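Let's walk through this one together. Have the sequence and the 3D view open, and follow along at your own pace.

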Amino acid sequence: MHTTAYQKLTSGFYDRPDVLTIARELLGKIIVTSFDGELTTARIVETEAYAGVTDRASHSYGGRRTARTEIMYREAGTAYVYLCYGIHQLFNIVTNKIDIPHAILIRGAEPITGVPVMLRRTRKKIADFTLTRGPGNVSKALGITLAHTGESLLREDFYVASDGFVPVPEDIIATPRIGVDYAGDDALLPYRFIVRNNKYVSGNTVQNKVR
DNA sequence: GGGCGGATTACCT
DNA sequence: GGTAATCCGCCCA
C-alpha cells in the first residue's frame, strides 16, 4: 500500500466558515501518520463539530482563552489534542480563520495501513473494531499525543488526505454529540456525523435511536 | 496552593 | 447498568 494516490487536504479545505460542512466532508478522508518512520493510516467514519464561542459544548464557549484552548484560535489545519479523564488524548482539527475557535473531534476511523503498529501502540492482541473506535482509541492507534497539539496538519508526517472516496449521502447520518450533557440545549444539536452501519462508529445506541 | 471534574474506555455484575 | 482508572486544566482563594 502506497500513499501516492493520496491527495493531502490543504489549508483551503480547513479554512472555511461552516464547521458542520467540514465535519461532514471529513467522513471518508484518511488520517496519515508516519511518526518515527512507522506509517499508519485510517479512514474517518465519525466526527463531531464544535462551533466556537457560541457552542456551550465547546472548550472555547464564551470566548474562553487559556493555555490549553489557545490552540483552537490558531489557523485552520492545526491539530488540537487534549487530555480527557486524565487518560485519553483526543484529536481535533482546528477550522476557520485565526481567532475563530472552531474544531472537529475525530471519534472513529477504519484502519487501512499499519495495523501491526496500531496493535502494539494500543497493546491489543487482536485487530477487532475496538482498535480505532472511539476518540481515545483513534489517537492511541495512530500515535497522536498531547505533544502534537498546535502542530500543523499540512506537514509531511501528520496529515489528512483524500483518495477520492466519498460516502454516498444516504450513508451519512447526523446525530447529537456524545458526552456533552453539560451543554444544555446545545447537547441536542445534530453536530455529530457518522457513516451508517460502520462498525468503527462509537455509541451505537444513539445511532440506533436516530435510525 | 487546593479541590473538583471531564468531548472516555474497559471490565465488572 | 455500574464504576475504576488517572491527571491536567480550570477556577477559586
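Of the 21 residues around DNA strand B, which come nearest? They are Y82, H88, N92, G134 and Y182. Please keep in mind while looking at them that this is a predicted model.

Let's stay with DNA strand B for a moment. Of its atoms within 4 Å of the protein, 51% are part of sugar or phosphate, and the rest belong to bases. The polar contacts show both kinds of partner. On the base side, a backbone N or O atom of A57 sits 3.5 Å from a base nitrogen of DNA strand B, and a polar backbone atom of G86 is 3.4 Å from a base nitrogen of this strand. On the phosphate side, a polar backbone atom of G136 lies 2.8 Å from a phosphate oxygen of DNA strand B. If you would like to trace this surface by secondary structure, the elements that give two or more residues to it are β4 (79-84), β5 (88-95), β6 (102-113) and α4. Sorted by class, the surface near DNA strand B has 11 nonpolar, 8 polar and 2 charged residues.

Now turn to DNA strand C. The residues around it are R64, T66, R68, T69, L83, Y85, G86 and I87. Here sugar and phosphate make up 74% of the strand's atoms that come within 4 Å of the protein. Two side chains are worth selecting in your viewer. An N or O atom in the side chain of T66 is 2.7 Å from a phosphate oxygen of DNA strand C, while for the side chain of R68 the corresponding distance to a phosphate oxygen is 3.0 Å. A base takes part as well: one of its oxygens in DNA strand C is 2.6 Å from a backbone N or O atom of Y85. By class, the surface near DNA strand C has 3 nonpolar, 3 polar and 2 charged residues.

We met α4 on the surface near DNA strand B, and this helix also has a packing partner within the protein. Helix α3 (residues 115-122) packs against helix α4 (residues 135-142) at an angle of about 115 degrees, and their axes are 7 Å apart. The two helices are therefore roughly perpendicular to each other. The crossing in which α3 passes α4 is right-handed. On the α3 side, M118, R121 and T122 make the contact, and on the α4 side K140, A141 and L142 do. Together, the residues of this contact divide into 3 nonpolar, 1 polar and 2 charged.

Note on methods. Residues are numbered from 1 along each chain as its sequence is written. Chains are lettered from A and ligands numbered from 1 in the order in which they are written. This is a predicted model: local features need pLDDT of at least 70, side-chain atom pairs count only at pLDDT 80 or more; totals for chains, interfaces and linings use all residues. Side-chain values use heavy atoms; hydrogens and water are left out. Axes are lines fitted to C-alpha atoms, for helices over the stretch in contact, and angles run from 0 to 180 degrees between N-to-C directions. Helices (H or I, at least four residues) and strands (E, at least two) are DSSP runs, numbered from the N terminus. Angles under 35 degrees count as roughly parallel, over 145 as roughly antiparallel, 65 to 115 as roughly perpendicular and the rest as oblique. A crossing is left-handed if the near helix is turned anticlockwise from the far one by less than a right angle, and right-handed if clockwise. Contact means heavy atoms within 4.5 Å. Ala, Val, Leu, Ile, Met, Phe, Trp, Tyr, Cys and Pro count as nonpolar, Asp, Glu, Lys and Arg as charged, and the others, Gly among them, as polar. A residue is near a molecule or strand if one of its heavy atoms lies within 4 Å of it. A polar contact is a pair of N or O atoms within 3.5 Å; within protein, one must be able to donate a hydrogen and the other to accept it, and residues adjacent in sequence count only if both atoms are side-chain atoms.
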